[in-house]
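I opened this entry to look up how the parts of the chain are laid out and how two of them meet. I also wanted to know where the coordinates deserve caution.

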Amino acid sequence: MGGFILCLGMSTRSSVEEKVRGLFDKELFSQLLISILVGVSGVSGSYLVVGSSPSFVSTVFSRFFARELPDVVIRYAITILGSLGQRLNLISAIIVTVLLFGLIVFVSYRVQSRFGFSGVNVPLALIGLLGVSYGLSGSLRSMAGVGIVSSVVLLGIRLSGFFGSSSSSPSVVEVSDTRREIIVAGLGAVGASSVGLWGVFNQSSVPSGDVDSETEALLEQAEEKSFDVSGMDALVSGNFYEVDINSINPDVSKDEWSLDVTGSVGDDVSISFDAVESMDTVQRFETLRCVGESLNGEKMDTAVWTGTPVMSIVEEAGNKSECECVMLRAEDGYYEEFPLSALEDAILAYRMNGQDLPRGHGAPVRLLVPGHWGEISVKWVSEIELLDSEMEGYWEERGWHGTGPVKTVAKLHAENMLSDGRRELGGHAYAGVRGIETVEVSVDGGETWDDAELTEPLEPSIDAWRQWKYTFEPPEESYTVVVRAIDGNGDVQVKEESGAFPSGPSGWVSREY
Ligand SMILES: Nc1nc2c(c(=O)[nH]1)N[C@H]1C(S)=C(S)[C@@H](COP(=O)(O)O)O[C@H]1N2
Ligand SMILES: [Mo]
């Protein structure tokens, strides 16, 4: 019986094998497979040369998806998937590029089969790949990467056909050649893409440049003022969150960068990085929070920023806006519209924690608007247009209302048992330019409230969070902790619960123990 089953298993396996072999021997199928493999090699070649940059051949598709996908998809990606959404976007963009490259190679094979010119597929495919990759990336380096890697693979496939012809029987030669070709194409694709992937995982977004002594002092101040509560981020974030519409960020050098003030102005103004750097310097602590985060989420962070007031540049151009509103545009195609008055205390920042602004945070220059949701603190900023009538920004076109002031929030991130049996809780509280007055903690589900201890305000700052901590004897039975903040106007954090969409999360953070 066992033998019979084994026999049956073997016979089905070999018939499957037969089928697969049959499939592979079919000219069309093997050409298709080889084409896809060459496509993978070509895309990897571009990545090998230009890395994760706007010149990468798939960037244009990832940008297209970020702009053109339906609102719900983007909202889901930003609020639920977070950076996973960006990765999915990049993978989709790469698949589309591989299919496009594969199609080019496949067509070249079909032309060869149709007209019988042996070997004509190689130059045909290369011309197509070079043209399309230049068209997609606008970069000669990216095109060269595609060209070099795919020509090595295409020539390898060709040569494996020549050297392998040992038998005189045409059908046998054809079959074995095809397999050899597939193996060569496969090896080329695996080789090129694994080096490419190695590059992806070794990307560093380490900030560069020395920390100046002035910043050094501010960072020390933040460290001294931070509570020593385990499980809680310090007053200057160790790992500042990143939110943007890109899976591949703009890569703009200081020399390339400029900011244009356009629209309803007296004179258009264009300003260089050097000019921005030589203007009045402002250095201060500032907190950013994303409207799309969850109530007790992690997309709220603080850094020391160095920059220059943006209003002096707007005033140089002369404000003639009828709506007193502006549209900010950036190198990644992002755009946000809001009242000109929001720029009153805003700065163009070019340093973060005393080092050059990292690429992921908008290098070389970003906007920082105090007190507002992060979305109008435009990174990689390139244009300020003074408008005559109101328009919608990127997120507002997708249903969000995130250009206004932040909501007040107290988060609960640290929960420790102390050695003496007491419980210690802690977190950050933030209310934008209103400031945090008090954080209150209830350990009986909101019946009674007690003030938490707060860190000294960071200075200088007009818009920074504070840490709170609270220590108490935990009751024997289970209990519910609730936390709420009171802002500088005396207003209590909104109790009514809402999700992030469309205007930021509200409610009181609570936890049962
Ligand atoms: N150019 C550009 N600027 C942008 C964005 C973007 O997608 N593109 N995202 C905005 C959003 S939604 C937030 S919350 C902040 C986040 O800034 P960070 O990534 O430095 O934390 O950047 C804002 N500025
Ligand atoms: Mo955001």
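My notes below go from confidence to domains and then to one domain contact.

Entry 1, confidence. I am working with a predicted model, and I looked up its pLDDT before anything else: the protein chain averages 90, and 90% of the residues score at least 70. Residues 1-11 stay under 50, and for this stretch I found zero contacts beyond four places in sequence. Residues 165-174 are also below 50, although here the model has five contacts beyond near neighbours in sequence. Where pLDDT is low, the predicted coordinates should not be read in detail, so I leave such coordinates aside.

Entry 2, domains. I noted the division of the protein chain into domain 1 (19-202), domain 2 (213-398) and domain 3 (409-512). For domain 1 and domain 2, the centres taken over C-alpha atoms are 39 Å apart, and each of the two gives 18 residues to the contact.

Entry 3, the contact between domain 1 and domain 2. I recorded a buried area of about 1500 Å², with 50% of it from carbon and sulfur atoms. On the domain 1 side, Arg63, Ile78 and Gln86 supply 35% of the area buried against domain 2, more than any other three residues. I then checked the polar side of this contact and found eight residue pairs in polar contact, both at pLDDT 80 or more, but zero salt bridges. The elements of domain 1 that give two or more residues to this side are α3 (59-68), α4 (71-81) and α5 (83-115). By class, I listed six nonpolar, eight polar and four charged residues on the side of domain 1 that touches domain 2.

Conventions:
Residues are numbered from 1 along each chain as its sequence is written. Chains are lettered from A and ligands numbered from 1 in the order in which they are written. This is a predicted model: local features need pLDDT of at least 70, side-chain atom pairs count only at pLDDT 80 or more; totals for chains, interfaces and linings use all residues. Side-chain values use heavy atoms; hydrogens and water are left out. Domain bounds come from an automatic or database domain assignment. Contact means heavy atoms within 4.5 Å. Buried area is the accessible area (1.4 Å probe) that two parts lose on being put together, summed over both. A salt bridge is a side-chain nitrogen of Lys or Arg within 4 Å of a carboxyl oxygen of Asp or Glu. A polar contact is a pair of N or O atoms within 3.5 Å; within protein, one must be able to donate a hydrogen and the other to accept it, and residues adjacent in sequence count only if both atoms are side-chain atoms. Helices (H or I, at least four residues) and strands (E, at least two) are DSSP runs, numbered from the N terminus. Ala, Val, Leu, Ile, Met, Phe, Trp, Tyr, Cys and Pro count as nonpolar, Asp, Glu, Lys and Arg as charged, and the others, Gly among them, as polar. pLDDT is the predictor's confidence in each residue, from 0 to 100.
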